[in-house]
Amino acid sequence: PLDADQTLNMPVARMIYTTPIEVDQKGDLKSLILDTFEYDENSQIMTWKVKSGIKFTDESEILPSDVAFAVARMAFARPTFPVVEDISGLKEWLKEKSPLESLPSGIQIENKIIKIKFDKKQDHPLFRFCLEIFSIIPKVCVDSSTNKITCKEIPGSGHYRLTEKSTTELHFEKRDQNVVFGE
């Protein structure tokens, strides 16, 4: 997912993985995995509430820690990326021996709520988290010391499941929204 912004990878990444926030056909922000999402300019805090019962393609539950980890992973890989670079505590966190074993102080998880605090006001920060590079994968599939993928097949979180692949073709099937994303 960290390479999902490379042109050839975008369509497939968008099909297999979901991001915290998406843009619908009308240009409005929505989310398959968040009940609510907002940014408060005064406090400079973004708040996300993760839905219950949402699952990866391997039927394991998508947890708030997986969602927050998608942000932390991106911050680790590209710490100067717009919006991400202003997460509170990022610079100190990056100096740790294995940063991905924790979260920057500006990312807090309490039950189903994720709060991201920024050091300065952001213009339209929710939009950034629609980008494919914030694709959600299971935290257990990443080595927290190296940020390298450890699972042979990474369970998907998106609208489609990859059913077959060869050197020339990829085959997908639409996932059952009621099972995958809950009601």
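**Notebook: sheet, hairpin and disulfide**

I started with the strands. Four of them, in the order β3-β4-β6-β5, make an open sheet. Their pairing is antiparallel. I note here that this is a predicted model.

Next I looked for the edges of this sheet. They are β3 (34-40) and β5 (107-110). Each has a single partner strand, so one side of each has no neighbour in the sheet. I also looked up the twist. From one strand to the next, it averages 15 degrees.

Then I took one pair of strands by itself. β3 pairs with strand β4 (residues 45-50) over 6 bridges, in the antiparallel sense. I picked glutamate 38 and asked which residue in β4 is its bridge partner. The partner is threonine 47.

What packs on the sheet? I found helix α2 (residues 64-77) there. Helix α2 touches β4, β5 and β6 (113-117). I checked its direction against that of β5, and the angle is about 175 degrees.

A general point for my margin: side chains in a regular strand alternate between the two faces of the sheet.

**Second entry: the hairpin**

I moved on to β7 and β8. They form a hairpin, with 4 residues between them. How many bridges pair β7 with strand β8 (residues 170-174)? I read off 5 bridges, in the antiparallel sense. For lysine 165, the bridge partner in β8 is leucine 170.

**Third entry: the cysteines**

I wanted to know how many disulfides a search of the whole structure finds. The search gives 1 disulfide. Cysteine 141 is joined to cysteine 151, with an S to S distance of 2.0 Å. Where do these two cysteines lie? Both cysteine 141 and cysteine 151 are in the loop between α4 (125-128) and β7 (160-165). The pair therefore ties together parts that are 10 residues apart in sequence.

I then checked the handedness. The torsion about the S-S bond of cysteine 141 and cysteine 151 is about -85 degrees, so this disulfide is left-handed.

Are the cysteines buried or exposed? The cut-off for buried is under 20% relative accessible area. Cysteine 141 has 2% relative accessibility, so it counts as buried. Cysteine 151 has 23% relative accessibility, so it counts as partly exposed. I looked up cysteine 130 as well. Its relative accessible area is 6%, so cysteine 130 is buried.

Methods:
Residues numbered from 1 in each chain as written. Predicted model: local features only at pLDDT ≥ 70, side-chain atom pairs only at ≥ 80, totals over all residues. Heavy atoms only, no water. Disulfide = S-S within 2.5 Å. Buried < 20%, exposed > 50% of the residue type's maximum accessible area, 1.4 Å probe, protein only. Pairing = 2+ DSSP bridges. Axes fitted to C-alpha atoms, helices over the stretch in contact; angles between N-to-C directions. Contact = heavy atoms within 4.5 Å.
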